[in-house]
Amino acid sequence: MVNCYCEYCGTKTSSIQSLTANSCFRHPLGPGKGKHKLYEGSEKSQYSCKYCGTSSSQITSLTANSCHRHPNGSGKGKHAPAL
């Protein structure tokens with residue numbers, strides 16, 4: 001079975017269709033204002049932020065915190081997993 005993860009919040013589903021059909025509570029536009037986005041990287045033991053290099057063992061933990069090097073400015077966006 002393939003696991004599909006949301007790039008914004010780390011939600012895990014068994015299909016792309018079920019992932020992208022639902023609203024994401026960590027969407028960049030705000031909670032309920034957009035759908036989950038498929039994380040296109042592979043499953044890893046550590047996920048790193050593509051902006052600052054912070055790492056975590058789960059996408060959900062990584063994307064839960066603000067990134068000081070986010071393109072929108074410090075504290076204005078969450079960490080994003082690198083591919």
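Here are some short exercises, with worked solutions, on the predicted model shown above.

**Exercise 1. The aromatic pair**

Task: Find how many aromatic pairs the model has, and decide whether the rings are stacked, tilted or edge-to-face.

Solution:
- Step 1. Start with the count, which comes to 1 aromatic pair.
- Step 2. Look at the two rings, those of Tyr-39 and Tyr-47: their centres are 6.0 Å apart and their planes stand at 75°.
- Step 3. Compare with the cut-offs: centres must lie within 6.5 Å, and planes over 60 degrees apart count as edge-to-face.
- Step 4. The angle of 75° therefore makes the pair of Tyr-39 and Tyr-47 edge-to-face.

**Exercise 2. Buried or partly exposed?**

Task: Sort Tyr-39, Tyr-47, Tyr-5, Glu-7, Gly-34 and Lys-37 by how accessible they are.

Solution:
- Step 1. Recall the rule: under 20% relative accessible area is buried, over 50% is exposed, and in between is partly exposed.
- Step 2. Take the tyrosines: Tyr-39 has 5% relative accessibility, so it counts as buried. Tyr-47, at 4%, is buried, and Tyr-5, at 13%, is buried as well.
- Step 3. Glu-7 has a relative accessible area of 11%, so this residue is buried.
- Step 4. Gly-34 comes out at 14%, which means buried.
- Step 5. Lys-37 has 37%, so this residue is partly exposed.

**Exercise 3. The nonpolar cores**

Task: Name the residues of the largest nonpolar core, then see what Leu-62 touches.

Solution:
- Step 1. The largest core has 8 residues: Tyr-5, Tyr-39, Tyr-47, Cys-49, Cys-52, Ile-59, Leu-62 and Cys-67.
- Step 2. Another core, of 6 residues, lies apart from the largest one, and its members include Cys-4, Tyr-8, Cys-9 and Leu-19.
- Step 3. Now pick Leu-62. Beyond residues up to four places away in sequence, Leu-62 touches Tyr-47, Ser-48, Cys-49, Thr-54, Ser-55, Ser-56, His-79, Ala-80 and Pro-81.

**Exercise 4. Where Tyr-5, Glu-7 and Lys-37 sit**

Task: Place Tyr-5, Glu-7 and Lys-37 in the fold, and list contacts that link them.

Solution:
- Step 1. Tyr-5 belongs to strand β1. Glu-7 is in the loop between β1 (4-5) and β2 (12-13), and Lys-37 is in the loop between α1 (16-20) and β3 (47-48).
- Step 2. Set aside neighbours within four places in sequence. Lys-37 then contacts Tyr-5, Cys-6, Glu-7, Tyr-8 and Leu-19.
- Step 3. Turn to Glu-7, whose contacts are Lys-37, Leu-38, Tyr-39, Lys-50, Thr-63 and Pro-81.
- Step 4. For Tyr-5, the contacts include Lys-37, Leu-38, Tyr-39 and Ile-59.
- Step 5. Check one distance: from Lys-37 to Cys-24 is 13 residues in sequence and 8.3 Å in space, C-alpha to C-alpha.

**Exercise 5. Gly-34**

Task: Say which loop holds Gly-34 and which residues it contacts.

Solution:
- Step 1. Gly-34 is in the loop between α1 and β3.
- Step 2. With neighbours within four places in sequence left aside, Gly-34 is in contact with Ser-23, Cys-24 and His-27.
- Step 3. Gly-34 and Ala-21 are 13 residues apart in sequence, with C-alpha atoms 10.0 Å apart.

**Exercise 6. The largest pocket**

Task: Describe the space and the lining of the largest pocket.

Solution:
- Step 1. The largest pocket holds about 310 Å³ of space.
- Step 2. Its lining has 18 residues, and Tyr-8, Arg-26, Pro-28, His-70 and Lys-78 lie nearest the centre.
- Step 3. By type, the lining of the largest pocket has 4 nonpolar, 8 polar and 6 charged residues.

Definitions and conventions. Residues are numbered from 1 along each chain as its sequence is written. This is a predicted model: local features need pLDDT of at least 70, side-chain atom pairs count only at pLDDT 80 or more; totals for chains, interfaces and linings use all residues. Side-chain values use heavy atoms; hydrogens and water are left out. Rings of Phe, Tyr and Trp (its six-membered ring) pair if their centres lie within 6.5 Å; planes under 30 degrees apart count as stacked, over 60 as edge-to-face and the rest as tilted. Buried means under 20% relative accessible area, exposed over 50%, partly exposed in between (1.4 Å probe, protein chains only). A nonpolar core is a set of buried Ala, Val, Leu, Ile, Met, Phe, Trp, Tyr and Cys residues joined through side-chain atoms within 4.5 Å. Contact means heavy atoms within 4.5 Å. On a 1 Å grid over the protein atoms alone, a cavity is a set of points where a 1.4 Å probe fits but cannot get out, and a pocket is an open set with protein on both sides within 12 Å along at least five of seven lines; lining residues have an atom within 4 Å of a point. Grid points are joined across faces, edges and corners, and a volume is the space filled by probe spheres set on the points. Ala, Val, Leu, Ile, Met, Phe, Trp, Tyr, Cys and Pro count as nonpolar, Asp, Glu, Lys and Arg as charged, and the others, Gly among them, as polar. Helices (H or I, at least four residues) and strands (E, at least two) are DSSP runs, numbered from the N terminus.
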